[in-house]
Amino acid sequence: MQSIPWENAEFARFVNEAVQKKTDVLKLAEKISKGPFADLRGPILDYIALVPKYRKKFGTDALLACDKLALEQSTAADIGLFKARLFEKATSIDDLCCGMGGDSFFLNKGIPVRGVDLSEERVAMYRFNTKALGAPREAILADIRTLEKRSDYFTVDPARRAKEGDNQRNFSELTPTFAEVLELSRLYKGGMAKLPPGYPTEEFPADAEIIYLGAKNDCRECLVLFGALAENPGKTRAIAIDNQGSAHSWISESATSTAKELPLGELSAYISEPIPVLVRSHLFAEAALKSAPDAHLISAGIAYAASDCPLDSEAFHNFRVLGSAPISTGKVKKLLKEFDVGKLTLKKRGVEIVPEAEIKRLAPKGGREAILFYTRIAGEKTAILAEAL
């Protein structure tokens, strides 16, 4: 079967019209069947469904070459723009395992960038996409481990899925492996490896800088910075990008200290939930203590901080505690009735429960909105009723 004709002007017009008019799938299928691309009806329908998604992800109206897996593995605009700033002093860059080009889209157009991948299809996508976005880049089909000529800096995104829909959780199966990435890093002045946020920290070299990157409600990437790219060797940073593109950053106090821990204590006037990048980076204790010296955990190993005042609103979601009760349907219902709660959001840590089913079972009937935490206090399962600030 022929491949999707990305560069065909008639195909581009057809796709743009279909997306703009939000044409019904059945009508689209019928149109394709009667046109010059009839043999590609299935792939084209799948592709058209991706167009609004990649335009939102990358912040562009351009027509790009991609498939579902390539899109899933690509860096979104907010993260990509931040990562590009890390390379401001780079003189030339190899985008290793380049895929459809997400990590190259936002790099300075004046810096020579080269995409390298083992997939002929991905190399073609990379070449087409960088041209479509106004910064044509060189792209070569090669094994990144055996390149004869290299740029000064690199970025690499090891493959995490063997095939579409197969999410590899065995980090030793990354391609290339992290051990191979370490070997590659010695061939460049500096570089960056993009890893899953849960990658084992004991494998990171002592002189690398580690960044946990995401937004206020997610942690999307773990970046390992090598050589000249590591401005804070041996330290860990947590960075959250807000809706305006500003980066809020927290950094470990020293390169040699282990992660701080909060002391244990009773439930206080406020309960605070650290944002995901702070949980992943193990920096939430430092951030909490900078906000409130009395900040503490209410149960060991559970990332809820309690204090007598709200914590840094960029680092934590803060809630005013209304009351608490042991987790049992009758006692929790009584708590909800006491505070006239009828609309609930249920959060859980340290307790296995399906929030939607539990809310249905509790059947709150009051006029007030609140947050219900199912967690533990000193190890005991406890429901905490609170209101968001």
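Reader: Of the 389 residues of the protein, what percentage count as buried?
Author: Happy to start there, with a note that this is a predicted model, where local features need pLDDT of at least 70, side-chain atom pairs count only at pLDDT 80 or more, and totals for chains, interfaces and linings use all residues. Residues are numbered from 1 along each chain as its sequence is written, and side-chain values use heavy atoms, leaving out hydrogens and water. Buried means under 20% relative accessible area, exposed over 50% and partly exposed in between, with a 1.4 Å probe and protein chains only. By that cut-off, the buried share of the 389 residues is 50%.

Reader: Which residues of helix 7 are buried, and why do they line one face of the helix?
Author: Helices are DSSP runs of H or I with at least four residues, strands are E runs of at least two, and both are numbered from the N terminus. Ala179 and Glu183 are exposed on the other side of helix 7. Seen down the axis, the buried residues fall within an arc of 160°, taken from the directions from the helix axis to the C-beta atoms, so they line one face. In helix 7 (residues 178–185), those buried are Phe178, Val181, Leu182, Leu184 and Ser185.

Reader: Which strands are included in what covers the buried residues of helix 7?
Author: Contact here means heavy atoms within 4.5 Å. The cover includes strand 1 (93–96), strand 4 (153–156), strand 5 (190–195) and strand 7 (218–227).

Reader: How many helices and strands does the protein have?
Author: The C-alpha trace spans about 65 × 55 × 35 Å along its principal axes. Within the protein, the secondary structure comes to 11 helices and 16 strands.
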